[in-house]
Structures are given as C-alpha cells and as structure tokens.
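Visitor: I'd like to learn how to read a model like this one. Could you walk me through it, feature by feature?

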Amino acid sequence: MTPIGRVVVVIPTYNEAENIAWIVGRLRAAQPEVDIIVVDDGSPDGTGAIADGLAAADRAVTVVHRPAKAGLGAAYLHGFRVALAGGYDVIGEMDADGSHQPEQLDRLLAALGDADLVIGSRWVPGGSVVNWPLRRELLSRGGNLYVRMLLGVRVHDATAGFRLFRRAALEKIDLASVQSTGYVFQTDLVARVLRSGMVVREVPIEFVERVRGDSKMSGAVAAESLRRITAWGLRERARQVRRALQR
Ligand SMILES: Nc1nc2c(ncn2[C@@H]2O[C@H](COP(=O)(O)OP(=O)(O)O[C@H]3O[C@H](CO)[C@@H](O)[C@H](O)[C@@H]3O)[C@@H](O)[C@H]2O)c(=O)[nH]1
C-alpha cells in the first residue's frame with residue numbers, strides 16, 4: 001500500500017463569506033494534519049479577505065486570489081498547480097458550503113490504499129443527499145447516467161466534488177490540456193484517470209444541501225457539461241468505428 005504522506009485540500013470559493021471560516025474551522029478540527037488551499041475568484045462579498053485572515057492566523061491555510069469568476073474547474077486547476085508546486089502527496093477537493101462534511105474526510109483517507117483517486121459518492125449504497133430539491137437530484141442522477149452511457153465511465157458519482165487524488169494521478173493526466181471550466185471538470189478528470197488505467201474507488205458520503213449562500217450552478221454550467229460530454233462521447237464512438245474498420 002502506498003503511504004499517504006502530506007495532504008492538502010483545495011477549496012474553491014465564490015461568495016462564500018458566510019461559510020468559509022466555518023468550513024475551514026471544521027476541517028482543521030477534523031483533520032489537523034491536513035493543509036488547505038482556498039482559491040477565491042475575487043468574490044465581491046469579501047470571502048477572499050476573510051480567507052486572508054484565516055491564513056494569517058494559521059500556517060496550514062494558503063489563499064490564492066484570482067481576479068474574477070472563471071469557473072469551478074479553472075479554480076481547481078489553479079489550486080492543483082499550487083498544491084503540486086508545494087510538494088503535496090495527496091490533493092483533495094471540497095466545496096466551501098458544508099455540502100461536503102470535513103468530518104467524513106477520514107472515510108476518503110481510509111479508502112486511499114492503492115487507489116489513485118477516491119470519490120466521496122452520493123450514489124453508492126450508503127451514500128445520500130440531504131435537503132436537495134428533486135430538480136437537483138434528477139440533474140445529478142441523469143447526468144451520471146448520461147456520462148456512463150456516452151463515456152463508459154464506470155463510476156456512480158462522476159460529478160462529485162469531494163475527492164482525493166494521489167499526486168502521481170494528477171501528474172499523469174496532463175492538467176495543462178484540460179479545458180473544462182465549469183462543473184464538467186469533475187467528470188473530465190474521472191474519465192482521464194480511468195482512461196490512464198488508474199484505480200478509482202468510491203466511498204459513501206452524506207451530501208448536505210447548503211444552508212447559507214447560493215449555489216453557483218447555472219444554465220451555462222449545465223450547458224457546458226452537456227456540450228462537452230456529448231462531444232467526448234461522439235469522438236469516442238468515431239474512434240471505435242475507425243478501429244473496427246481497420247480490423
Ligand atoms: N473560485 C471559484 N469557486 C467557485 C466557482 N463556482 C463555484 N465555486 C465554488 O465551488 C463550490 C461548489 O459550488 P456550489 O455552487 O456550491 O455547487 P453545488 O451547486 O452545491 O454543486 C455540487 O454538485 C455539483 C454537481 O454534482 C458538483 O460538481 C459540485 O462540486 C458540488 O458538489 C463552492 O465552494 C463554490 O463557492 C467559481 O467560478 N470560482
């Protein structure tokens with residue numbers, strides 16, 4: 001089994017002033033050995049300044065400031081580059097709003113073993129969502145079904161945002177070529193990890209709908225997901241047909 005080593009969790013933020021101190025405090029209490037990188041996209045509500053205050057008081061917290069909102073995927077790519085440069089062995093993802101519970105990070109750490117990517121999953125037995133509107137549940141379940149059908153991605157929750165990557169996995173999947181800017185980034189990365197022959201493990205988590213602040217899910221975010229997944233699926237089908245014709 002590969003030892004775990006130094007762990008950091010990247011937390012992207014946009015207008016999370018009511019949540020960021022709460023979530024950082026919970027994560028520090030639950031996992032004192034784990035460092036945190038907050039990636040803020042110039043939140044107008046002052047999230048970045050609050051995060052700076054947390055970093056000033058705690059060496060385990062780093063803040064990356066980006067000039068403007070440029071999407072969840074773009075924020076993670078930036079955070080991952082900082083984490084890799086910082087020499088971390090395991091690099092995680094977590095939302096700032098309490099949907100992902102820091103107290104459940106131990107489940108992901110325990111499942112790491114020989115896996116390259118561990119996903120905290122809502123849709124495996126034992127996983128659940130609390131207070132999600134039916135519309136969001138259908139979108140997530142439908143999205144995952146679409147991903148499975150088109151891309152053959154054999155995981156239950158390819159869009160989940162509570163994860164741990166081994167450093168080697170992020171190095172192998174060529175982050176420089178990732179173009180997904182929104183939430184489809186999550187699916188993009190799982191597909192890349194699987195395509196590279198690496199091991200993905202899912203562990204059940206309880207996803208709790210935020211009680212403060214607003215989701216940044218929008219029509220544009222959903223449209224990017226639909227457009228990119230369809231394009232990847234069609235490209236894969238074309239590749240399969242070409243291979244069959246060559247035989
Ligand atoms: N820096 C930055 N952060 C962002 C941006 N957009 C969203 N975020 C941050 O990304 C996290 C997730 O955003 P939410 O808007 O709270 O996501 P959600 O609707 O609850 O979506 C959940 O479900 C998605 C689909 O299953 C998941 O892909 C996502 O990770 C999350 O678990 C939050 O911390 C939010 O502040 C952005 O453009 N820039």
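Guide: We'll go from the overall fold to a helix pair, two backbone oddities and the ligand shell. Keep in mind that this is a predicted model.

Visitor: Let's start with the fold. How many helices and strands does the chain have?

Guide: Counting secondary structure is a good way in. Here you get eight helices and nine strands. Next comes overall size: the radius of gyration is 18 Å, close to the 18 Å that the globule rule gives for 247 residues, so the chain is as compact as a globular protein of that length. Along the principal axes, the C-alpha atoms fill a box of roughly 65 × 40 × 35 Å.

Visitor: What share of the residues counts as buried?

Guide: Burial is a matter of counting neighbours, with 20 or more other C-beta atoms within 10 Å as the cut-off. By that count, 39% of the 247 residues are buried. You can also ask how far apart in sequence the contacting residues are. Among contacts between residues at least 6 apart, 82% join residues at least 24 apart.

Visitor: Now a helix pair. At what angle do H1 and H2 pack?

Guide: For a pair, read angle, distance and handedness, then look at who touches whom. Helix H1 (residues 20-30) and helix H2 (residues 47-57) pack at about 30°, their axes 9 Å apart, and the crossing is right-handed. On the H1 side, Ile 20, Ala 21 and Val 24 make the contact, and H2 brings Thr 47, Ile 50, Ala 51 and Leu 54. Sorted by class, that's six nonpolar residues, one polar and no charged ones.

Visitor: What about backbone angles? Which sign does phi of Asn 15 have?

Guide: A sign check on phi is quick to do, and glycine is set aside for it. Asn 15 isn't a glycine, yet its phi is positive, about 55°. Asn 15 sits in the loop between E1 and H1. Asp 174 also has a positive phi, near 55°, and is found in the loop between helix H6 (167-172) and helix H7 (184-195).

Visitor: Are those two exposed or partly exposed?

Guide: Asn 15 has 19 C-beta neighbours inside 10 Å, so it counts as partly exposed. Asp 174 has 10 other C-beta atoms within 10 Å, so it is exposed.

Visitor: Last one: which residues come nearest to the ligand?

Guide: Start with the closest residues, then ask which elements supply the shell. Of the 24 residues around the ligand, Pro 12, Ala 75, Ala 96, Gly 161 and Ser 215 come nearest. Strand E1 (7-13), strand E2 (35-40) and helix H3 (72-85) each give two or more residues to the shell. By class, the shell divides into nine nonpolar, eight polar and seven charged residues.

Conventions. Residues numbered from 1 in each chain as written. Predicted model: local features only at pLDDT ≥ 70, side-chain atom pairs only at ≥ 80, totals over all residues. Near = placed C-beta within 6 Å. Helix = DSSP H or I, 4+ residues; strand = E, 2+ residues; numbered from the N terminus. Nonpolar A, V, L, I, M, F, W, Y, C, P; charged D, E, K, R; others polar. Rg over C-alpha atoms; globule rule 2.2 N^0.38 Å. Buried ≥ 20, exposed ≤ 12 C-beta atoms within 10 Å, placed from the backbone. Contact = placed C-beta atoms within 7 Å. Axes fitted to C-alpha atoms, helices over the stretch in contact; angles between N-to-C directions. Left-handed = near helix turned anticlockwise from the far one by under 90°.
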